[in-house]
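Below is a guided reading of one structure, taken a region at a time. Please keep the sequence and the coordinates open while following the text.

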2 protein chains.
Amino acid sequence: MAQIKNESITPRDVDFAKWYTEICRKAELMDYTSMKGFIIYRPYGFAIWENIKKYLDEKFKETGHENVYLPMVIKESLFNKEKEHVEGFAPETLIVTIGGKDKLDDPLIVRPTSEVLFCEHYAKIINSYRDLPKLYNQWCSVVRYEKTTRPFLRGSEFLWQEGHTMHRTKEEAKEEAIKMLNIYDKLGKDVLAIPFIKGQKTEKEKFAGALETYTIEALMHDGQSLQAGTTHFFGDSFARAFDISFLDKDGTRKHPHQSSWGVSTRLIGAIIMVHGDDNGLVLPPPVAPIQVVIVPIRADIDENVRATSKTIYENLKSKGLRVKLDDDTSRSPGWKFAEYEMKGVPIRLEIGPRDLKENKLLMATRYNDEKKFISLDDIDNIPSILDDITKKMYDKAKKFLEEHIHFAKTLEQFEEMIKNGGYVAIPYCGEEACEKKMKELYQVTARAIPFDQKDEEGICPICGKKTHRIVYYARAY
Amino acid sequence: MAQIKNESITPRDVDFAKWYTEICRKAELMDYTSMKGFIIYRPYGFAIWENIKKYLDEKFKETGHENVYLPMVIKESLFNKEKEHVEGFAPETLIVTIGGKDKLDDPLIVRPTSEVLFCEHYAKIINSYRDLPKLYNQWCSVVRYEKTTRPFLRGSEFLWQEGHTMHRTKEEAKEEAIKMLNIYDKLGKDVLAIPFIKGQKTEKEKFAGALETYTIEALMHDGQSLQAGTTHFFGDSFARAFDISFLDKDGTRKHPHQSSWGVSTRLIGAIIMVHGDDNGLVLPPPVAPIQVVIVPIRADIDENVRATSKTIYENLKSKGLRVKLDDDTSRSPGWKFAEYEMKGVPIRLEIGPRDLKENKLLMATRYNDEKKFISLDDIDNIPSILDDITKKMYDKAKKFLEEHIHFAKTLEQFEEMIKNGGYVAIPYCGEEACEKKMKELYQVTARAIPFDQKDEEGICPICGKKTHRIVYYARAY
């Protein structure tokens with residue numbers, strides 16, 4: 001096992017899909033099981049999710065949200081209450097038909113999402129305007145039984161959070177959907193070092209049952225877009241279907257307005273495909289399970305190396321960093337370097353006897369593969385170096401994103417531009433038929449009607465209708 | 001909704017089961033769904049679990065454990081690999097037979113526990129003694145489809161953590177099972193304010209597939225025992241069944257030895273039934289979602305009350321306490337007192353205009369229903385008052401436990417003693433037949449062979465065999 005660590009991986013520009021899967025396995029993020037599409041989140045992969053979760057959970061609580069837990073199964077008869085919603089999910093559901101050896105009268109669907117469960121509960125606990133808003137969130141796993149699966153990107157089961165909120169007014173519910181999208185965007189900048197395109201989904205691409213869906217889209221290294229998170233504004237359609245109403249201040253009974261929002265372990269896939277390189281994973285410091293690894297050189301024959309490594313370890317740990325001292329003498333330094341490069345550890349400190357005599361040590365930063373000597377006193381700067389790495393990684397990804405956004409006026413331009421991947425914007429007429437045509441012609445989907453756009457007149461290159469909006473198309477995961 | 005808060009609950013000595021269910025509902029810990037046995041963990045109930053989880057997760061990590069996440073379903077063919085294990089769980093499983101509208105060739109069992117999944121994975125990643133120990137833990141929910149269910153105590157789905165570890169030697173695996181039992185015991189003392197009886201389960205009561213099961217048992221107010229957590233030592237039986245082996249230091253291939261351990265949201269039930277009283281829930285401060293509630297009196301007409309309440313709130317918050325300032329002027333103070341009593345908030349501070357003039361305020365402590373005046377300067381002592389409350393609650397529960405442990409030498413003595421509830425010890429011969437007889441005669445089960453016992457000769461009152469051990473019997477949840 002241990003001896004195969006040094007083997008290289010497929011270069012990402014040779015076979016991106018293969019490169020991706022190899023990183024997932026070799027960085028020990030996940031493992032397959034004997035059940036198709038169901039993976040194991042190994043400690044190193046799960047710890048990344050825990051770091052994302054910790055950040056978001058704090059942000060959710062700061063903004064008044066409360067965590068709850070609802071059942072992992074939904075009665076089929078309950079699930080069928082909101083028609084559009086059912087149609088969206090039915091093809092991907094797992095259905096429990098046997099319970100305690102008996103056939104169930106009303107089969108149970110393993111939750112693909114929990115709107116209907118929240119609604120059943122809200123119908124019982126919402127009665128007055130004073131009970132609003134209800135701002136609930138749930139951390140759990142959901143099941144979408146998929147034919148084609150890829151680790152973290154598309155699986156039969158994945159981990160996520162799902163927020164489900166109820167509001168007195170339509171405006172408040174919509175505002176909530178935007179507010180949460182902005183929290184996701186901030187997660188991208190502060191934690192994942194990933195810039196997102198923020199925008200609204202087209203009618204065709206929006207969530208089953210929603211009035212409006214907002215999205216954050218991220219650009220992967222291969223030029224494809226990944227939907228990294230969505231928030232939805234539902235209006236009162238579920239509230240009507242589930243008979244949820246409240247007595248408003250004015251004494252009349254009304255239906256509350258609803259939002260939902262979620263991000264999932266898909267974000268791990270985004271981290272891999274935005275930052276990874278031919279040596280493996282490259283992790284932004286805020287999510288890295290190990291932020292700094294210390295590798296003593298010749299520790300077996302040098303007491304100073306042992307003692308200094310330990311001191312530095314304690315120092316960094318006391319600063320609140322996630323640091324590892326790898327003093328396993330049965331592995332060579334070279335083996336360790338390859339191992340921590342594969343695992344994307346942001347900073348590696350090599351502590352050797354000769355350098356120590358000159359009061360210095362070698363610091364290797366993973367994101368740019370640079371090595372330089374620092375003095376022992378520089379150890380205190382490591383927290384700010386880590387912050388700087390996050391910023392630099394974000395800037396690099398942002399530059400890549402900006403270089404891959406183009407604007408086409410004609411189909412000829414579109415065809416030329418989309419060849420290089422990334423997003424190509426065209427004027428957006430709003431017709432579903434035009435979206436279908438685009439997909440047929442170029443295997444692209446409408447990713448987002450960006451929030452950030454100029455009010456300029458354009459013409460849909462398919463139907464010729466005039467419009468003032470644009471929409472981003474891309475090939476997508 | 002809001003107006004029904006003040007209604008009283010059934011006294012616990014009149015109908016303990018009814019009292020329990022009413023607290024679950026009225027303290028807003030949970031709600032029912034339309035699916036039998038599947039409950040909703042409402043924000044207040046879920047926050048208690050989050051506090052337990054936070055404590056344990058830290059302790060697990062400090063002792064070298066890593067979190068992972070494995071699938072929520074298990075192929076039937078995989079589940080059937082360990083025979084004893086299957087027989088223990090088969091009657092309670094939910095089985096998925098349809099996936100994506102098609103009938104599945106190999107149905108999926110919704111996990112009742114994850115031993116077999118861990119074993120499938122361990123078979124792949126354990127190859128050398130250097131890969132050991134593997135110390136994994138998972139936070140998730142599991143399903144046991146039950147006919148008779150009660151909130152938190154017995155449900156079709158519950159939240160828990162399950163540790164699954166692999167070790168080089170039998171001794172290490174056994175040591176791990178004891179170590180984790182001691183962590184649970186410490187959770188009881190430090191966090192839940194619940195004293196446990198620690199001991200080993202009899203052959204009849206041990207976990208399906210385990211060689212030895214250790215348990216923490218807690219005594220409820222009605223004199224019944226609740227199994228609050230268990231740890232198991234498996235030996236290498238699963239390792240053999242799943243073909244898990246490693247090359248040991250001596251160059252020979254061996255099977256590793258296994259442990260597993262878990263506690264669940266059942267602990268919320270224990271908290272209710274150990275500490276609760278006729279006014280509702282009584283929460284130990286370490287798990288309380290709100291540790292201190294501040295109720296301003298006449299805040300609408302008194303600026304000093306408003307300002308002081310706010311200052312105290314900020315002060316306590318800055319000390320890291322979970323504090324709530326309830327300045328809702330549409331509710332009467334009386335309504336609020338009843339509300340926070342029902343919810344078991346450890347400390348309530350009443351801040352009124354007259355008292356403030358004398359530089360004092362009223363502090364009500366929930367666990368003993370005492371009210372006393374404290375000076376504004378005493379606010380700084382609240383963290384230590386909270387610590388003291390936890391200790392006092394623990395001592396009270398320990399006294400109750402000790403008063404309910406008796407030792408019987410004959411069946412006549414046993415019959416007399418068990419009438420008052422609690423534990424009655426008898427000499428333990430080790431025969432399953434005697435345990436069955438005890439159950440038949442007195443509706444009791446063997447709860448634990450306590451670790452803490454004297455080496456004294458006794459005689460099993462059923463079969464007359466001589467023995468040096470005792471076992472605790474009790475009626476149990």
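In strand S22 of chain A, A:Pro450 is the bridge partner of A:Gly199. The model shown here is predicted. The bridge just named belongs to the pairing of strand S9 (residues 197–200) of chain A with strand S22 (residues 445–450) of chain A, which is antiparallel and has two bridges.

These two strands are part of a wider arrangement. Chain A holds an open sheet of 11 strands with mixed pairing, and their order is S3-S7-S8-S14-S11-S10-S9-S22-S25-S21-S20. At the edges are S3 and strand S20 (405–407) of chain A, each with a single partner strand, so each has one side without a neighbour in the sheet. Helix H5 of chain A packs on the sheet, where it touches strand S7 (134–143), S8 and strand S14 (257–264) of chain A. The direction of H5(A) makes about 35 degrees with that of S8(A).

S8(A) deserves a separate look. On one side, S7(A) and S8(A) run antiparallel and are joined by 10 bridges. Within this pair, A:Trp139 has A:Gln161 of S8(A) as its bridge partner. S8(A) is also joined to S14(A), again in the antiparallel sense, by eight bridges. Here A:Ser259 in S14(A) stands opposite A:Thr165. Is S8(A) largely enclosed or left open by the rest of the structure? Of its 11 residues, 10 are buried, so S8(A) is largely enclosed.

Next come two helices of chain A. Two packed helices are described by the angle between their axes and the distance between the axes. For H2(A) and helix H6 (residues 170–192) of chain A, the axes come within 11 Å and cross at roughly 135 degrees. The two helices are therefore oblique to each other, and their crossing is right-handed. H2(A) brings A:Ile52, A:Tyr55, A:Leu56 and A:Lys59 to the contact, while H6(A) brings A:Ile183, A:Leu187 and A:Val191. By class, these are six nonpolar residues and one charged residue, with no polar ones.

The contact between the chains involves some of the elements already met. It takes 47 residues from chain A and 47 residues from chain B. On the side of chain A that touches chain B, the elements giving two or more residues include helix H2 (43–62), strand S3 (66–67), helix H5 (115–125) and strand S8 (157–167) of chain A. Which element gives the largest share of this side? That is S5(A), with six residues. By class, the side of chain A that touches chain B has 25 nonpolar, 10 polar and 12 charged residues.

S5(A) also pairs across the chains. Its partner is strand S5 (residues 94–99) of chain B, and the two are antiparallel over five bridges. In this pairing, A:Val96 has B:Val96 in S5(B) as its bridge partner.

Chain B provides a last set of strands to inspect. Strand S17 (residues 347–351) of chain B pairs antiparallel with strand S18 (residues 360–365) of chain B over four bridges, and B:Leu362 in S18(B) is the bridge partner of B:Glu350. S18(B) is in turn joined by six bridges to strand S19 (residues 370–375) of chain B, also antiparallel. One bridge partner pair here is B:Met363 with B:Lys372 in S19(B). S18(B) and S19(B) form a hairpin with four residues between them. In its turn, B:Asp369 has a positive phi of about 50 degrees.

How values were computed: Residues are numbered from 1 along each chain as its sequence is written. Chains are lettered from A and ligands numbered from 1 in the order in which they are written. This is a predicted model: local features need pLDDT of at least 70, side-chain atom pairs count only at pLDDT 80 or more; totals for chains, interfaces and linings use all residues. Two residues are in contact if their C-beta atoms, placed from the backbone, lie within 7 Å. Ala, Val, Leu, Ile, Met, Phe, Trp, Tyr, Cys and Pro count as nonpolar, Asp, Glu, Lys and Arg as charged, and the others, Gly among them, as polar. Two strands pair if DSSP finds at least two bridges between them. Axes are lines fitted to C-alpha atoms, for helices over the stretch in contact, and angles run from 0 to 180 degrees between N-to-C directions. Angles under 35 degrees count as roughly parallel, over 145 as roughly antiparallel, 65 to 115 as roughly perpendicular and the rest as oblique. A crossing is left-handed if the near helix is turned anticlockwise from the far one by less than a right angle, and right-handed if clockwise. A residue is buried if 20 or more other C-beta atoms lie within 10 Å of its own, exposed if 12 or fewer, and partly exposed in between; C-beta atoms are placed from the backbone.
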